[in-house]
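Visitor: I work at the bench and would like to learn how to read a ligand site in a model. Could you walk me through one?

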Amino acid sequence: MQPFDYVRPRSLAEVAQLLEEADAQTCILAGGTHLLPEIELGRIRPRLLIDIKAAPELNELRYTNSEGLTLGAAIPISQLLTSPEVRRHYPLLQEVARIWGSVQVRNRATVGGNICQASPAADMVTALLCFDAECRIFGPEGERWTPLERFLLGPGRTALKPNEVLVSVRLPSLGGKSVGAYRFVRKGKGGHVTLAGVAVRAVAISHGVASWRMALAGLASSPKRVSEAEHILEAGELNEHAIHRAAQKAADAAEPIDDARASARYRAALAPVLAERSIRAVARQMWGYGA
Ligand SMILES: Cc1cc2nc3c(=O)[nH]c(=O)nc-3n(C[C@H](O)[C@H](O)[C@H](O)COP(=O)(O)OP(=O)(O)OC[C@H]3O[C@@H](n4cnc5c(N)ncnc54)[C@H](O)[C@@H]3O)c2cc1C
């Protein structure tokens, strides 16, 4: 490993100032669960690491009925598990946090790191897509917002410009009972990379009718929404026909690839099965459907 400098700014303003002088060998360090192994393996050779964890603006976890939930980019995944607001309004986030690697990894890995690593199989990103999350970005030209869907540009690629930092994500308030489920497959016991996953969340409107969201992990170049499935589930009262059609839309939306972990064919076969299981889990929790 080649030597590098390390700085730990105490505010977003200090982070921004350091980023203004940054070059291609400057890296933002959050939990380091992805970055540090990459450095150790020599795949990334930084000159300077900017550790963002001490900046209060990046550590906010706040909920209000009017603004919804703000999650600072440097919040560790484990913090989602202890928040009563997350449990009450966004339980899908807790379901995903619970299945994360191990306690140690959950305590280090951050929400922002999961987004900025831009893995096609990022579990938390997939859940956040189900809440129409928006990203707050800060850089030399000031602040800007972009929907999470547009932030993700493909494996390892995001809409962040050089010298910009992801500050937080905001999830709008939902205005009704919210239920979520995440069904996924990983390779082997203890594997931490999701081969395929489907997140579903519903917000109750009236009996049997809800607003729905569905997103896929590991089934395209970035986690992606399946709006066609959402439209089917929102079209009327839930029934078997709608569940099967919506699950099929997840299969249609999947663009899986072959890699060392699994074949595209296997991933494609998982998509409708996991989608159906997630929809059923949500409908069961929400209305006792199929119980
Ligand atoms: C054992 C193990 C288990 C894992 N389990 C899971 C799992 O269950 N699900 C899952 O999805 N992933 C998992 N991961 C992958 C990884 O932990 C997550 O993607 C994690 O959220 C990354 O966050 P981090 O804070 O550690 O990021 P870091 O490693 O610190 O950073 C990742 C990348 O994002 C950039 N970055 C980080 N924060 C910002 C920011 N605010 N603004 C701009 N750029 C930023 C960094 O420069 C770097 O390029 C696992 C990894 C390991 C090693």
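Visitor: Which atom of the ligand does a polar side-chain atom of Thr33 lie 2.6 Å from?

Guide: An oxygen atom, and please keep in mind that this is a predicted model. The Thr33 partner is a polar side-chain atom, 2.6 Å from that ligand oxygen. Backbone atoms take part too: a polar backbone atom of Gly31 is 2.7 Å from an oxygen atom of the ligand, and a backbone N or O atom of Leu35 lies 2.7 Å from a ligand oxygen. The protein buries 86% of the 990 Å² that the ligand exposes when taken alone.

Visitor: Which residues come nearest to the ligand?

Guide: There are 26 residues around the ligand, and Ile28, Thr33, Thr110, Gln117 and Asp123 come nearest. Sorted by class, the shell holds 14 nonpolar, 10 polar and 2 charged residues.

Visitor: Which element gives the largest share of the shell around the ligand?

Guide: That is helix H7, with 4 residues. Helix H7 spans 111–117, and strand S10 spans 165–171; each supplies at least two residues of the shell.

Visitor: Let's turn to domains. How is the chain divided?

Guide: Into three parts: domain 1 (5–51), domain 2 (58–171) and domain 3 (180–286).

Visitor: Why does the ligand lie between domain 1 and domain 2?

Guide: Look at who contributes to the shell. Domain 1 and domain 2 both give residues to the shell around the ligand, so the ligand lies between them.

Visitor: How should I read the interface between two such parts?

Guide: The size of an interface is often expressed as the accessible area lost when the parts come together. Here, about 1,000 Å² is buried between domain 1 and domain 2, with carbon and sulfur atoms giving 73% of that area. On the domain 1 side, Leu12, Leu19 and Thr33 supply 44% of the area this domain buries against domain 2, more than any other three residues.

Visitor: How many residues of each domain are in contact?

Guide: In domain 1, 11 residues are in contact with 13 residues of domain 2. The C-alpha centres of these two domains lie 19 Å apart.

Definitions and conventions. Residues are numbered from 1 along each chain as its sequence is written. This is a predicted model: local features need pLDDT of at least 70, side-chain atom pairs count only at pLDDT 80 or more; totals for chains, interfaces and linings use all residues. Side-chain values use heavy atoms; hydrogens and water are left out. A residue is near a molecule or strand if one of its heavy atoms lies within 4 Å of it. A polar contact is a pair of N or O atoms within 3.5 Å; within protein, one must be able to donate a hydrogen and the other to accept it, and residues adjacent in sequence count only if both atoms are side-chain atoms. Accessible areas come from the Shrake-Rupley method with a 1.4 Å probe; for residues, only the protein chains shown count as cover. Ala, Val, Leu, Ile, Met, Phe, Trp, Tyr, Cys and Pro count as nonpolar, Asp, Glu, Lys and Arg as charged, and the others, Gly among them, as polar. Domain bounds come from an automatic or database domain assignment. Contact means heavy atoms within 4.5 Å. Buried area is the accessible area (1.4 Å probe) that two parts lose on being put together, summed over both.
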